[in-house]
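Here is a short walk through one structure. Take a look at it before reading on.

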Amino acid sequence: MNTLRTTLWNAISRRRGDCLTYLDALRDMQWLEPEEIAAMQRRCLRDLLTHAYNHVPYYHDSLGKCGVIDGDFRVDLRRFQEISLLDKGTIRSRFDDMKSD
């Protein structure tokens, strides 16, 4: 039975990708100090915003216009709340600009 369970787990793991890697990372993160968690969250948010800026025309315009990302690709999270809310009208009018390249 143990061999079957191991074989099944290995098959599921291969199908789902790096789930064990993510599990190990989550186990390590639970012991981080709050300041370390906040720094990691800021880094992830910067990475996400930079990716959106570089690959999605709508976010390139939006993040540049409100000053979250400047011409030198620096991210200013203090201006994060100035990002305009996405509404249905904007989605309808700029739908093609919201597709990633």
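Begin with M98. This residue lies in the segment after α5, the helix of residues 88-93. The model is a predicted one. M98 has a relative accessible area of 22%, so this residue is partly exposed; buried would mean under 20%. Which residues does M98 touch, leaving aside its neighbours within four places in sequence? They are V56, Y58, L86, T90 and I91. T21 is another matter. Its C-alpha atom is separated from that of M98 by 31 Å. Along the chain, M98 and T21 are 77 residues apart.

Now turn to helix α3. It covers residues 34-55, 22 residues in total. From its first C-alpha to its last, α3 reaches 31 Å. That is close to the 32 Å expected at 1.5 Å a residue. Four residues of α3 are buried: M40, L49, A52 and Y53. What covers the buried residues of α3? The cover includes α2 (19-29) and α4 (57-65).

Follow α3 to its meeting with α4. The two helices pack at an angle of about 115 degrees. Their axes are 5 Å apart. The crossing of α3 and α4 is left-handed. From α3, the contact is made by L49, A52, Y53 and H55. From α4 come P57, Y59, H60, L63 and G64. Sorted by character, the residues of this contact are six nonpolar and three polar, with no charged ones. L49, A52 and Y53 thus appear twice in the account of α3: they are buried, and they take part in the contact with α4.

The aromatic rings come next. How many aromatic pairs are there? The count comes to two. One joins Y53 and F73, with ring centres 5.8 Å apart. Their planes stand at 80 degrees, so the pair is edge-to-face; the cut-off for that class is over 60. This pair links distant parts of the chain. Y53 sits in helix α3, while F73 sits in the loop between α4 and α5, 20 residues apart. Y53 counts as buried because its relative accessibility is 8%. F73, at 49%, counts as partly exposed.

The other pair is Y58 with Y59. Their ring centres lie 5.0 Å apart. Their planes are at 80 degrees, so this pair too is edge-to-face. Is each partner buried or partly exposed? Y58 has 5% relative accessibility and therefore counts as buried. Y59 has a relative accessible area of 27%, so Y59 is partly exposed. Y58 also leads back to the start, being among the contacts of M98. Y59, for its part, belongs to the contact of α4 with α3.

Definitions and conventions. Residues numbered from 1 in each chain as written. Predicted model: local features only at pLDDT ≥ 70, side-chain atom pairs only at ≥ 80, totals over all residues. Heavy atoms only, no water. Expected span 1.5 Å × (residues − 1). Buried < 20%, exposed > 50% of the residue type's maximum accessible area, 1.4 Å probe, protein only. Contact = heavy atoms within 4.5 Å. Axes fitted to C-alpha atoms, helices over the stretch in contact; angles between N-to-C directions. Left-handed = near helix turned anticlockwise from the far one by under 90°. Nonpolar A, V, L, I, M, F, W, Y, C, P; charged D, E, K, R; others polar. Phe/Tyr/Trp six-rings, centres within 6.5 Å; stacked < 30°, edge-to-face > 60°.
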